[in-house]
Amino acid sequence: MARKKNFDPDVKLPLGDLSQYPNCLLIKDCVWQLKFCRQIESGSDVGACEPNTKTIYNAIDQSRSEKFYTLIHEVIHAIEDEYGFKLRHSAVEKLERGVGDFILENFNAINRIVLGD
Ligand SMILES: [Zn+2]
């Protein structure tokens, strides 16, 4: 589960609106559903990973950057499940930021290189 963040909401994102997110994610060799919803079952959380149904939930009422980092967080939980290991939750939270920043910084850089913008 992902908790509410204190991140700067003005992070430059390659993912703008929800239509740019895929409905499904391939993790290892399994298809996971990605669903945006008004409220996560546990109340105060903003994301959830349900291995039994292979579903990642992401709360819709977050900023663009929060939705992005919540997705990264829940994908890390899905990777734990698919690859059979378990991290301390503090490590998941650090990876959420590190992996998210890595994707944002490098995909923007790749876009600049490939598209020349
Ligand atoms: Zn979590």
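**Exercise 1.** In what order do the four strands stand in the open sheet, and which strands stand at the edges?

*Solution.* The model is a predicted one. Begin with the succession of elements: along the sequence, the pattern reads β-β-β-β-α-α, giving four strands and two helices. Next, consider the sheet itself. The strands are arranged as β1-β2-β4-β3 in an open sheet with mixed pairing. The edges are occupied by β1 (24-27) and β3 (47-50); each has a single partner strand, so one side of each lacks a neighbour in the sheet. From one strand to the next, the twist averages 20 degrees.

**Exercise 2.** Determine in which sense strands β2 and β4 pair, and identify the bridge partner of Q33 in β4.

*Solution.* Take the residue ranges first: β2 covers residues 30-37 and β4 covers residues 55-59. Five bridges join these two strands, and the sense is parallel. For Q33, the partner in β4 is T55.

**Exercise 3.** Establish whether F68 is buried or exposed, and state how far its C-alpha lies from that of N58.

*Solution.* Locate the residue: F68 belongs to helix α1, which spans residues 64-83. Then apply the criterion, under which 20 or more other C-beta atoms within 10 Å make a residue buried. F68 has 22 C-beta neighbours inside 10 Å and therefore counts as buried. Finally, F68 and N58 are ten residues apart in sequence, with a C-alpha to C-alpha distance of 9.1 Å.

**Exercise 4.** State what percentage of the residues of the chain count as buried.

*Solution.* The chain has 117 residues, of which 21% count as buried.

Technical notes:
Residues are numbered from 1 along each chain as its sequence is written. This is a predicted model: local features need pLDDT of at least 70, side-chain atom pairs count only at pLDDT 80 or more; totals for chains, interfaces and linings use all residues. A residue is buried if 20 or more other C-beta atoms lie within 10 Å of its own, exposed if 12 or fewer, and partly exposed in between; C-beta atoms are placed from the backbone. Two strands pair if DSSP finds at least two bridges between them. Axes are lines fitted to C-alpha atoms, for helices over the stretch in contact, and angles run from 0 to 180 degrees between N-to-C directions.
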